[in-house]
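Reader: I'd like to learn how to read a pocket and a helix pair. Can we walk through one together?

Author: Sure, have a look first.

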Amino acid sequence: MSSVSVSSPSNIALIKYWGMSDAEQTFPVNASLSMTLSRCISTCTLETLDCEATDEVWWKGEDGLLVPANGPMRKGISQHVLRLRHHFDFWQPLRIITANTFPTGAGIASSASGFSALALAFASLCGQAPSTDLLSALARLSGSGSAARSVLGGFVQWPGDPGDLQSPPRQFAPPDHWPLHDLIAVVDPSPKSVSSREGHRRALSSPHFPTRQKLLPERLKNLQQAILAQDFAAFADAVECEAIELHMIAMTSVPPVFYWQPATLAVFYHVQQLRRDGLQVCATFDAGPNIHVLCTPVHQPAVSEALRNLPVIRQLIPDRIGDGPSITEIQL
Ligand code: PMV
C-alpha cells in the first residue's frame, strides 16, 4: 500500500470569475485576480487499496471523525477521480480522505482548495511532479474554475493572459510583496442554496452583464496598479466595487440568485465605517453570505478587535496571504 497527503489553500477573488465561456472545460468569460490564503486549507490523503477493493471516499469532520462522504460531495470527488484516472492511466482502487479547516460549501472556495489538493495528491501518488500549468488544468477540470488559481501562491491572475481566456494562471505578485490579512467573518456556515456552477450559468442572463464586461479591463488594471504600488485606498475601491457588482449580477440574473443576508450587509457597513475611521480595511464576498475582511498587517489587530464585538459574526477565521499547495506529512 502506498499513500500521499497534500494540503492546498483556498483563495479569495479580488476580481471575480463569474460566468463561463466554456462550461465543459471550465473556461471563464473574464480574467480574475485572487489572493491565495494560508489557513483555510483542504487536506487530501490518498491510499492505494487491494486490486479487488472498490474506491472509498471519506470525509473527516471538525470533530476529527471519519464519515463516508455522500451526496454531491461524493459525486464531485468520484467524478474527478475518474478524470484523473484517465489522465494518469492509474486504475488501482483508492481510499480518498478529505478534510477542511473551514466551513465547506459556504462560499469560502472549499472547492478550490479541495480539488487542487486532490489533483496534486493524485499526481504525486502516480510518481509525477506536474507543472503548475498542468496542475491548474487538472484542478480546473473538476468544474471549479477558482481551483485553477489555488495552485499558485500570492496574488494570482487567471487566465494569465486576459486576451486568451484559455491561458493558464500566473502569479501576479508573490505573497511577501504585500502580506495582506483576510479575516473571514462567517455569518452563516451552512452550504449555499445555489451552487456557483449554477450562478455562473445564470450570470449571462443578467441585463447588466454586458456592462460588467466593458468595465472589467479597467478595474483589473486599477487593481493591478494598486497591488504593485501597495496603495490600499485604490485597492479598496476596486475590491469593493467588484464585490458589489458580482452580487448585483447574481441578484439580477434570471432567475435571481441571492447570496447576501442581513448580517452580510451589517458587517460590510461596519467595515466601511472602520475605513472612514482611518483603518486600512475593506471587504469582499464570494458566492455566499460570508465576508472576507481584508486589511494590512499593521491594522489587523484593531480590525480583529472591532469585528469580535459584532454579534452577527458567528466565527472569525484569521487568515492571510500564503503559498500554494504542498505535500504534507499529515495523514488523515
Ligand atoms: O470556482 P467556482 O466555480 O466555485 O466559482 C467561483 C466563483 C467566485 O468565488 C464567486 C468568484 C471567484 O473568482 O472565485
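Author: Helices (H or I, at least four residues) and strands (E, at least two) are DSSP runs, numbered from the N terminus. This is a predicted model, with local features needing pLDDT of at least 70, side-chain atom pairs counting only at pLDDT 80 or more, and totals for chains, interfaces and linings using all residues. Residues are numbered from 1 along each chain as its sequence is written, and side-chain values use heavy atoms, with hydrogens and water left out.

Reader: Which helices and strands each supply at least two residues of the lining of the largest pocket?

Author: A pocket is an open set of points on a 1 Å grid over the protein atoms alone, where a 1.4 Å probe fits, with protein on both sides within 12 Å along at least five of seven lines; lining residues have an atom within 4 Å of a point. Here, strand 4 (32-48), helix 1 (71-88), strand 7 (94-100), helix 2 (110-125) and helix 4 (196-203) do. Helix 1 gives the largest share, seven residues.

Reader: How do helix 1 and helix 2 cross?

Author: Axes are lines fitted to C-alpha atoms, for helices over the stretch in contact, and angles run from 0 to 180 degrees between N-to-C directions. These two axes come within 11 Å and cross at roughly 35°. Contact means heavy atoms within 4.5 Å; G76, I77, H80, V81, L84, R85 and F88 of helix 1 meet F115, L118, A119, F122 and A123 of helix 2.

Reader: And which residues that line the pocket are the closest to its centre?

Author: Of the 50 lining the largest pocket, those are S111, F115, S144, S195 and S196. So F115 turns up in the pocket lining and also in the helix contact.
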